[in-house]
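Here's a friendly walk through one protein model, written for someone meeting it for the first time. Have the picture open and follow along.

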Amino acid sequence: MPDPETLLSTVKRSLEDDKAEDIVVINLKGKSSLADYLMIVSGRSDRHVSAMADHLMRRIKDLGLGKCRVEGLKRCDWVLIDTGD
């Protein structure tokens, strides 16, 4: 299982490769027991958001984290991906 920094790097690289816009990373270490990082990004369209989410879930699975918890994928006007612990 990758450490949080490796996961963050993988997620950021995946989103940059997919031309995500307005990438913001918020460091929550020591501030929240729920997460180490929160990342907020924008896409150009619902289709773009869907593609970014799909690619990101595949890369996370390739890291050995299995399936992510995902919300909002049905309409893709927003998507939340929780990679878990």
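A residue counts as buried when its relative accessible area is under 20%, as exposed when that area is over 50%, and as partly exposed in between. Lys-29 has a relative accessible area of 37%, so it counts as partly exposed. Keep in mind that this is a predicted model.

**Salt bridges**

Let's start with charges. Side chains of opposite charge can pair when their charged atoms come close. In this model, the count comes to five salt bridges. Here are some of them, with the distance between N and O.

| Pair | N to O distance |
|---|---|
| Lys-29 and Glu-5 | 2.3 Å |
| Arg-58 and Asp-54 | 2.8 Å |
| Asp-82 and Arg-69 | 3.3 Å |

Take Lys-29 and Glu-5, whose side chains meet in a salt bridge. Lys-29 sits in the loop between β1 and β2, while Glu-5 belongs to helix α1 (residues 4–17), so this pair ties together parts that are 24 residues apart in sequence. Glu-5, at 35% relative accessibility, is partly exposed.

The Arg-58 and Asp-54 pair stays inside one element. Both residues lie in helix α2, four residues apart, which is about one turn of the helix. That helix covers residues 46–65. The side chains of Asp-54 and Arg-58 also show up as a polar contact, at 2.8 Å. How open is Asp-54 to the outside: buried, exposed or partly exposed? Its relative accessible area is 29%, so Asp-54 counts as partly exposed. You can also look from Asp-54 across to Ile-81: the two are 27 residues apart along the chain, and their C-alpha atoms are separated by 10 Å.

Then come Asp-82 and Arg-69, whose side chains meet in a salt bridge too. Asp-82 lies in strand β4 (residues 80–82) and Arg-69 in strand β3 (residues 69–71), so here the pair ties together parts that are 13 residues apart in sequence. Asp-82 is partly exposed, at 32% relative accessibility. Arg-69 has a relative accessible area of 52%, so it counts as exposed.

**A nonpolar patch**

Now for something without charge. Which residues make the nonpolar surface patch? They are Val-24, Ile-26, Leu-38 and Ile-40, and the patch comes to about 300 Å². The elements giving two or more residues to this patch are β1 (21–27) and β2 (37–42). If you want one residue to look at, pick Leu-38, which lies in strand β2. With a relative accessible area of 39%, Leu-38 is partly exposed.

**The cysteines**

A disulfide is a covalent bond between the sulfur atoms of two cysteines. How many disulfides does this structure hold? The number is zero. To see why, look at Cys-68: its closest cysteine sulfur is in Cys-76, 14 Å away, and that is too far for a bond. The cut-off for a disulfide is a pair of cysteine sulfur atoms within 2.5 Å. Cys-76, then, is in no disulfide either.

Both cysteines are tucked away from the surface by the accessibility rule: Cys-68 is buried, with a relative accessible area of 15%, and Cys-76 is buried as well, at 6%. You'll find Cys-76 in the loop between β3 and β4.

**Two unusual backbone angles**

Most residues other than glycine have a negative phi. Cys-76 goes the other way, with a positive phi of about 65 degrees, although it is not a glycine. Lys-19 also has a positive phi of about 65 degrees, and Lys-19 is not a glycine either. Where does Lys-19 lie? Look in the loop between α1 and β1. At 55% relative accessibility, Lys-19 counts as exposed.

**His-48 and its contacts**

Lys-19 leads us to a last stop, His-48, which touches it. His-48 is found in helix α2. Leaving aside residues up to four places away in sequence, His-48 touches Asp-18, Lys-19, Ala-20 and Gly-43. Is His-48 buried or exposed? Its relative accessibility is 10%, so His-48 counts as buried.

Key: Residues are numbered from 1 along each chain as its sequence is written. This is a predicted model: local features need pLDDT of at least 70, side-chain atom pairs count only at pLDDT 80 or more; totals for chains, interfaces and linings use all residues. Side-chain values use heavy atoms; hydrogens and water are left out. A polar contact is a pair of N or O atoms within 3.5 Å; within protein, one must be able to donate a hydrogen and the other to accept it, and residues adjacent in sequence count only if both atoms are side-chain atoms. Patches are made of residues with over 30% relative accessible area and no salt bridge: like charges are joined within 9 Å, nonpolar side chains (Val, Leu, Ile, Met, Phe, Trp, Tyr) within 5 Å. Accessible areas come from the Shrake-Rupley method with a 1.4 Å probe; for residues, only the protein chains shown count as cover. A salt bridge is a side-chain nitrogen of Lys or Arg within 4 Å of a carboxyl oxygen of Asp or Glu. Buried means under 20% relative accessible area, exposed over 50%, partly exposed in between (1.4 Å probe, protein chains only). Contact means heavy atoms within 4.5 Å.
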